[in-house]
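Hi,

Here is the structure I promised to pass on. Have a look at it first, and my notes on what turned up are below.

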Amino acid sequence: MIIDFTKLTSAQRYFAMVQSIVPRPIAWVLTPNGNPEGDEAHNYNLAPYSFFTGICSSPPLIMLSAGKKPSGNDEGQIKDTAKNILKYKNFVLHIASTNQLNDVNASAQTLDYGQSEIDNQALLLAEFPGFNLPRLQSCKIAMACTLYSAHEIGDAPQTIVYGEIKQLYIDDTVANSEEYLNNPGNSRLIIDPEALDPLARLGGNAYSQIGAKLEVKRPT
């Protein structure tokens, strides 16, 4: 079967892509609904994005793509995550584990701006030392990021956000933390993917986990 994308609608192309580009890592992104360093009252937005990847190590950059709100009072407007990143510049990106599937899925619900998924789902936060935003207490990996650049692309359009990783939190249970911290010049950081058990996205309502780990030496 050959599918001619030029003859499909945007929605048809989307569903073909998300079922073909699999599995996709999920960026579970926390942003402030208000100035975290000001006097105004604020809470936090939380949403998952699977059009997401790492793109560069110097500087250390990630990319995520956010569309428009599909429903609600703000239908057709920029999603809250992108809106907050563009305004306040900082965000925290989490890698969720499979035991957080229901929370990740629930946080994808479209809410009016200013409503907090974290409050609605009673999720716990923890301090991210040296950063002005907290992280989710339950996530084993979190990245403190600042806005590097952003632009809109496509006919929809999508907001493409490039974030620079300033700090990386790793739970000691999923990495060789003690060895790495005691000898950072000669020790390589190793994160155990089976201990992390990352949640991945498939098409439709489907998610996946890593399953069996395969190892093969890279050719020289």
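β4 and β5 make a hairpin, with 2 residues between them. Keep in mind throughout that this is a predicted model. In that hairpin, β4 (residues 52-57) pairs with β5 in the antiparallel sense, over 5 bridges. If you want a spot to zoom in on, Thr-53 sits opposite Met-63 of β5.

β5 has another partner too: 6 bridges join β5 to β10 (residues 158-170), and these two strands also run antiparallel. Here Leu-61 has Glu-164 in β10 as its bridge partner. As for how covered β5 (residues 60-66) is, 6 of its 7 residues are buried.

That brings me to the nonpolar cores. The largest one has 21 residues, and the ones with the most contacts inside it are Val-29, Phe-52, Leu-64, Phe-91, Leu-93 and Ile-95. Which elements give two or more residues to this core? They are β2, β3 (43-49), β5, α2 (80-88), β6 (90-95), β9 (141-153) and β10. There is also a second, separate core of 19 residues, which includes Tyr-44, Phe-128, Ala-142 and Ala-144.

Now for a residue I'd pick out on screen: Thr-31, which is found in β2 (residues 27-33). Buried or exposed? Thr-31 has a relative accessible area of 0%, so it counts as buried, the cut-off being under 20%. Its side chain makes a polar contact with the side chain of Asn-84, at 3.0 Å. Leaving aside neighbours within four places in sequence, Thr-31 is in contact with Asn-43, Tyr-44, Asn-45, Asp-80, Thr-81, Asn-84, Ile-85 and Phe-91. Two names on that list came up above: Phe-91 is among the residues with the most contacts inside the largest core, while Tyr-44 belongs to the second one.

Last, there is an open sheet of 3 strands, in the order β1-β11-β12, with antiparallel pairing. Its edge strands are β1 (24-25) and β12 (207-208), each of which pairs on one side only. Between β11 (residues 200-201) and β12 there are 2 bridges, and Ala-200 stands opposite Ser-208 in β12.

That's what I have for now. Shout if anything is unclear.

Cheers

Definitions and conventions
Residues numbered from 1 in each chain as written. Predicted model: local features only at pLDDT ≥ 70, side-chain atom pairs only at ≥ 80, totals over all residues. Heavy atoms only, no water. Buried < 20%, exposed > 50% of the residue type's maximum accessible area, 1.4 Å probe, protein only. Helix = DSSP H or I, 4+ residues; strand = E, 2+ residues; numbered from the N terminus. Pairing = 2+ DSSP bridges. Polar contact = N/O pair within 3.5 Å; in protein donor to acceptor, adjacent residues only side chain to side chain. Contact = heavy atoms within 4.5 Å. Core = buried A, V, L, I, M, F, W, Y, C linked by side-chain atoms within 4.5 Å.
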